[in-house]
Amino acid sequence: MENKADSFISFHPSEIEKHPMKLADKTALVTGGGSGIGRAIAILFAREGARVIVNDLRLELGQKTVEAMGPRKAGAHAIQADVADSVQVRAMFADRKSVV
């Protein structure tokens, strides 16, 4: 089943070279990045040149988002954490520092 976010944001190789990267050298942590709007944002940020950390309750969904970034997935990373749990949020940021 195709994800609507994937069809909305495509990575045609000729576009990648021409497209100015507004977020080059930036790091973005996208919560809820495994599906829906969060996934679309994570993919778009990667397209704009950001190093993206994808957070989701389900690690496998975050990893699928990273894979969907195509040629822009270099430097991307998936992290599982429940942002409603402050202990998990602190651990996520500690992990983020080791990844970036």
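**A guided look at a predicted model**

Visitor: Is Phe-45 buried, partly exposed or exposed?
Guide: In this predicted model, Phe-45 has a relative accessibility of 29%. Buried would need under 20% and exposed over 50%. The value for Phe-45 lies in between, so the residue counts as partly exposed.

Visitor: Where is Phe-45 placed, and which residues does it touch beyond its neighbours in sequence?
Guide: Phe-45 has its place in helix H3. One residue it meets is Ala-28: the two are 17 residues apart in sequence, with 7.5 Å between their C-alpha atoms. Leaving out residues up to four places away, the contacts of Phe-45 are Leu-23, Ala-28, Val-30, Ala-50 and Val-52.

Visitor: Let me step back to the whole chain. In what order do its elements run from the N terminus?
Guide: The protein chain has five helices and three strands to arrange. Starting from the N terminus, their order is α-α-β-α-β-α-β-α.

Visitor: What percentage of the residues count as buried?
Guide: The accessible surface of the protein chain is about 6100 Å², and 57% of that belongs to carbon and sulfur atoms. Turning to the residues, the chain has 100, and the part that counts as buried is 32%.

Visitor: How do the three strands pair, and which are the edge strands?
Guide: The strands make up an open sheet with parallel pairing, in the order S1-S2-S3. A strand at an edge pairs on one side only, and that holds for S1 (27–31) and S3 (77–80). The edge strands are therefore S1 and S3.

Visitor: What is the average twist from one strand to the next?
Guide: The twist belongs to the open sheet S1-S2-S3. From one strand to the next, its average is 20°.

Visitor: How many bridges join S1 to S2?
Guide: S2 covers residues 51–56 and runs parallel to S1. Residues standing opposite one another include Thr-27 and Arg-51, Ala-28 and Val-52, and the bridge partners Val-30 and Val-54. The number of bridges that join S1 to S2 is five.

Visitor: Which side chains of S1 point to one face and are buried?
Guide: Side chains alternate along S1. Thr-27, Leu-29 and Thr-31 point to one face and are not buried. Those that point to the other face and are buried belong to Ala-28 and Val-30.

Visitor: Why is S2 described as largely enclosed?
Guide: The strand has six residues, and most of the answer lies in how they are covered. S2 is largely enclosed by the rest of the structure because the number of its residues that are buried is five.

Visitor: Which helix touches S1 and S2, and which lies across S2 and S3?
Guide: The helix of residues 36–47 packs on the sheet, where it touches S1 and S2; its direction makes about 170° with that of S1. The helix of residues 59–68 lies across S2 and S3 and runs at about 165° to S3. In that order, the helices are H3 and H4.

Visitor: Is the crossing of H3 and H4 left-handed or right-handed?
Guide: The axes of these helices come within 9 Å and cross at roughly 35°. The hand of this crossing is right-handed.

Visitor: Which residues of H4 meet H3, and how many residues of the contact are charged?
Guide: From H3 come Arg-39, Ala-42 and Ile-43, and from H4 come Leu-61, Lys-64, Thr-65 and Ala-68. Sorted by type, the residues of this contact give four nonpolar, one polar and, as charged residues, two.

Visitor: Is Thr-65 buried or exposed?
Guide: Thr-65 sits in H4. Setting aside neighbours within four places in sequence, it is in contact with Gly-33, Gly-34, Arg-39, Ala-42, Ile-43 and Val-54. Its relative accessibility is 0%, so Thr-65 counts as buried.

Visitor: Finally, what is the phi of Asp-25?
Guide: Asp-25 lies in the loop between helix H2 (13–18) and S1. With a relative accessibility of 73%, Asp-25 counts as exposed. Although Asp-25 is not a glycine, its phi is positive, at about 65°.

Definitions and conventions:
Residues are numbered from 1 along each chain as its sequence is written. This is a predicted model: local features need pLDDT of at least 70, side-chain atom pairs count only at pLDDT 80 or more; totals for chains, interfaces and linings use all residues. Side-chain values use heavy atoms; hydrogens and water are left out. Helices (H or I, at least four residues) and strands (E, at least two) are DSSP runs, numbered from the N terminus. Buried means under 20% relative accessible area, exposed over 50%, partly exposed in between (1.4 Å probe, protein chains only). Accessible areas come from the Shrake-Rupley method with a 1.4 Å probe; for residues, only the protein chains shown count as cover. Two strands pair if DSSP finds at least two bridges between them. Axes are lines fitted to C-alpha atoms, for helices over the stretch in contact, and angles run from 0 to 180 degrees between N-to-C directions. Contact means heavy atoms within 4.5 Å. A crossing is left-handed if the near helix is turned anticlockwise from the far one by less than a right angle, and right-handed if clockwise. Ala, Val, Leu, Ile, Met, Phe, Trp, Tyr, Cys and Pro count as nonpolar, Asp, Glu, Lys and Arg as charged, and the others, Gly among them, as polar.
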